[in-house]
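Reader: I have the sequence and the coordinates open on my screen. Could you walk me through the fold, one question at a time?

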Amino acid sequence: MKILLISFCFPPYNDVGHVRVGKLAKFLLRFGHDVQIISARDQPFPATLPIEVPEARVLYTKWVNVNKPAELVFGGRKSVAVRGLDARGTLRSGETVLRRLYRRLYKRFISFPDDQVGWFPYAYNAAARCIERWKPDVICASAMPFTSLLIAHRLSRRYTIPWVADLRDLWVDHQNYKYAGWRRAIEGRLERRILTSATGLVTVSEPLAAVLRTKYTGPVSVVMNGFDPDDYPDDSHRPKGSPIVRIAYTGMIYEGKQRLEPLFEALAGMPRRDHVRVTLYGRYLELARRMAAAYAMESLVEVHDAIPYRDSLRVQRESDVLLLLLWSDPREKGVYTGKLFEYIGAGRPILAIGPADNVAADLIAERAAGVVLQDAGDIRRQLERWIDIKQGGAVIPPTSKDAGLGLSREEQARRFERVLLDAMQLAASIG
């Protein structure tokens with residue numbers, strides 16, 4: 001196939017969506033397809049992901065940050081992107097009611113359908129030139145941002161090319177959709193217009209696919225995230241003999257949505273807590289810093305800035321245990337985190353903290369990849385068992401290699417390949 005892939009998210013910029021699309025492109029090329037990618041340059045993410053496709057395959061375009069005026073007024077991108085509320089729903093320090101109201105109104109009217117709408121004209125024109133020169137068989141657009149889908153929809157209509165929407169998150173049915181009812185109604189109509197024109201829909205879990213199937217009659221497929229064995233260091237980077245249980249966390253913490261307290265409560269009640277070290281790497285880890293200070297555990301808990309993607313995989317493989325914070329909101333039941341698949345690929349046991357009635361907890365249980373616990377007492381007893389192993393001079397055993405069967409990026413890319421082939425065949429049968 002000749003596949004035009006449209007995605008704001010793409011390496012070298014490092015975020016979970018960028019990894020998914022970068023790996024998809026890598027393996028579609030490896031399968032023998034002709035792939036061209038339209039993405040955006042100068043993104044507000046660390047440029048630390050390896051680009052695993054030939055540079056000539058990727059066209060990075062300009063984009064306009066529509067939030068720039070508000071950023072200049074309100075003090076930076078983060079202050080515009082994040083609401084002026086703390087985890088309890090109260091105003092943050094220094095945030096006036098008028099300031100918050102103005103900022104939120106700005107976002108509601110200008111960032112439609114999302115903050116990357118200023119990418120639309122540049123990506124659309126670049127993709128149109130590519131189509132006229134190269135004539136792809138199928139278009140694939142990955143969202144978020146949903147601007148990618150608008151571009152693919154418009155191109156599909158103009159050039160009569162089938163297209164597939166990859167919804168890493170749902171649109172107006174997103175569990176944390178934050179806008180008022182009037183905008184949901186308008187955006188809902190836009191979503192229906194865009195997605196009904198797609199020849200196929202893809203999302204990352206069965207619960208999310210079920211939501212889409214209630215709304216749309218076209219085919220809906222599940223292609224999960226995964227892990228790429230090529231990214232991990234060799235087996236020499238395994239935990240060494242040590243009396244200390246070393247627990248690692250890589251990623252962000254969403255305060256108010258993930259709970260770290262049970263771990264600190266468990267450590268607080270442990271006579272042998274000095275035999276545990278917890279190390280966190282990532283952005284937005286202020287909660288961990290505050291809790292370490294509040295529990296006087298700065299000597300046990302280290303918090304570091306984000307590190308490059310493959311360095312984070314090395315940290316995972318070298319640790320005894322990998323910490324995963326599950327979503328506490330019941331609306332998140334259908335959401336995996338990309339980190340879960342990385343952890344499974346690392347082969348180290350997972351300590352998942354949070355509710356057990358969600359797809360992530362189900363996967364951990366099905367694959368015997370670790371434990372899912374909520375109660376501080378249960379966490380403490382599990383930590384004591386791991387301490388006993390280390391104190392006995394042994395290494396905490398890895399998970400079974402069977403835990404990752406079917407979850408590699410290559411295997412998931414094969415599923416996506418089938419979706420694209422089906423879209424081409426369906427469009428041909430209709431046309």
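Reader: How many helices and strands does the secondary structure come to?
Author: Happy to start there, with the reminder that this is a predicted model. Of its 431 residues, 54% count as buried. The secondary structure comes to 15 helices and 13 strands.

Reader: Among contacts between residues at least 6 apart in sequence, what percentage join residues at least 24 apart?
Author: This one looks at how contacts are spread along the chain. Among contacts between residues at least 6 apart in sequence, the share that joins residues at least 24 apart is 74%.

Reader: In the open sheet of seven strands, what is the strand order?
Author: The pairing in this sheet is parallel. Its edge strands are strand 3 (58-61) and strand 7 (220-222), each pairing on one side only. Neighbouring strands are turned by 20° against each other on average, direction ignored. Reading across the sheet, the order is 3-2-1-4-5-6-7.

Reader: Which residue is the bridge partner of Ile37 in strand 3?
Author: Strand 2 (residues 34-40) pairs with strand 3 in the parallel sense, over four bridges. In strand 3, the partner of Ile37 is Val58.

Reader: And which residue in strand 5 is the bridge partner of Ser142?
Author: Here the two strands are strand 4 (residues 138-143) and strand 5, which pair in the parallel sense over five bridges. Within strand 5, the partner of Ser142 is Asp166.

Reader: Why is strand 5 described as largely enclosed by the rest of the structure?
Author: Let's look at its side chains. Trp163, Ala165 and Leu167 point one way from strand 5, Val164 and Asp166 point the other way, and all are buried. Strand 5 (residues 163-167) is largely enclosed because the number of its five residues that are buried is five.

Reader: What angle does the direction of helix 6 make with that of strand 4?
Author: Helix 6 packs on the seven-strand sheet, where it touches strand 1 (2-6), strand 4 and strand 5. Its direction and that of strand 4 make an angle of about 160°.

Reader: At roughly what angle do the axes of helix 5 and helix 6 cross?
Author: Helix 5 (residues 120-134) passes helix 6 (residues 147-159) in a right-handed crossing. Their axes come within 10 Å. The crossing angle is roughly 35°.

Reader: How many residues of the contact of helix 5 with helix 6 are nonpolar?
Author: On the helix 5 side the contact is made by Phe120, Ala123, Tyr124, Ala127, Ala128, Ile131 and Glu132. Helix 6 brings Thr147, Leu150, Ile151, Arg154, Leu155, Arg158 and Tyr159. One residue of this contact is polar and three are charged, while the nonpolar ones number 10.

Reader: What covers the buried residues of helix 5?
Author: The buried residues of helix 5 are Phe120, Ala123, Tyr124, Ala126, Ala127, Ala128, Cys130, Ile131 and Trp134. Their cover includes strand 1, strand 2, strand 3, strand 4 and helix 6.

Reader: How far apart are the end C-alpha atoms of helix 5?
Author: At 1.5 Å a residue, its 15 residues should span 21 Å. Just after the helix, Lys135 takes a positive phi of about 55°. The end C-alpha atoms agree with the expected span, being apart by 20 Å.

Reader: How many of the 15 residues of helix 1 are buried?
Author: Helix 1 (residues 16-30) should span 21 Å, and its end C-alpha atoms are 21 Å apart, which agrees. Just after this helix, Gly32 takes a positive phi of about 105°. Helix 1 is mostly covered, and its buried residues number 13.

Reader: In the open sheet of six strands, which strands stand at the edges?
Author: The strands of this sheet run in the order 10-9-8-11-12-13, with parallel pairing. An edge strand has a single partner, so one side of it is left without a neighbour in the sheet. The two that stand there are strand 10 (301-304) and strand 13 (370-373).

Reader: Which residue in strand 10 stands opposite Tyr281?
Author: Strand 9 (residues 276-281) pairs with strand 10 in the parallel sense, over four bridges. Opposite Tyr281 in strand 10 stands His304.

Reader: Is Leu373 buried or exposed?
Author: Leu373 lies in strand 13. Leaving aside neighbours within four places in sequence, its contacts include Leu351, Ala352, Ile379 and Gln382. Its relative accessible area is 15%, and the cut-off is under 20%, so Leu373 is buried.

Terms used. Residues are numbered from 1 along each chain as its sequence is written. This is a predicted model: local features need pLDDT of at least 70, side-chain atom pairs count only at pLDDT 80 or more; totals for chains, interfaces and linings use all residues. Side-chain values use heavy atoms; hydrogens and water are left out. Axes are lines fitted to C-alpha atoms, for helices over the stretch in contact, and angles run from 0 to 180 degrees between N-to-C directions. A crossing is left-handed if the near helix is turned anticlockwise from the far one by less than a right angle, and right-handed if clockwise. Contact means heavy atoms within 4.5 Å. Ala, Val, Leu, Ile, Met, Phe, Trp, Tyr, Cys and Pro count as nonpolar, Asp, Glu, Lys and Arg as charged, and the others, Gly among them, as polar. The expected span of a helix is 1.5 Å times one less than its number of residues. Buried means under 20% relative accessible area, exposed over 50%, partly exposed in between (1.4 Å probe, protein chains only). Two strands pair if DSSP finds at least two bridges between them.
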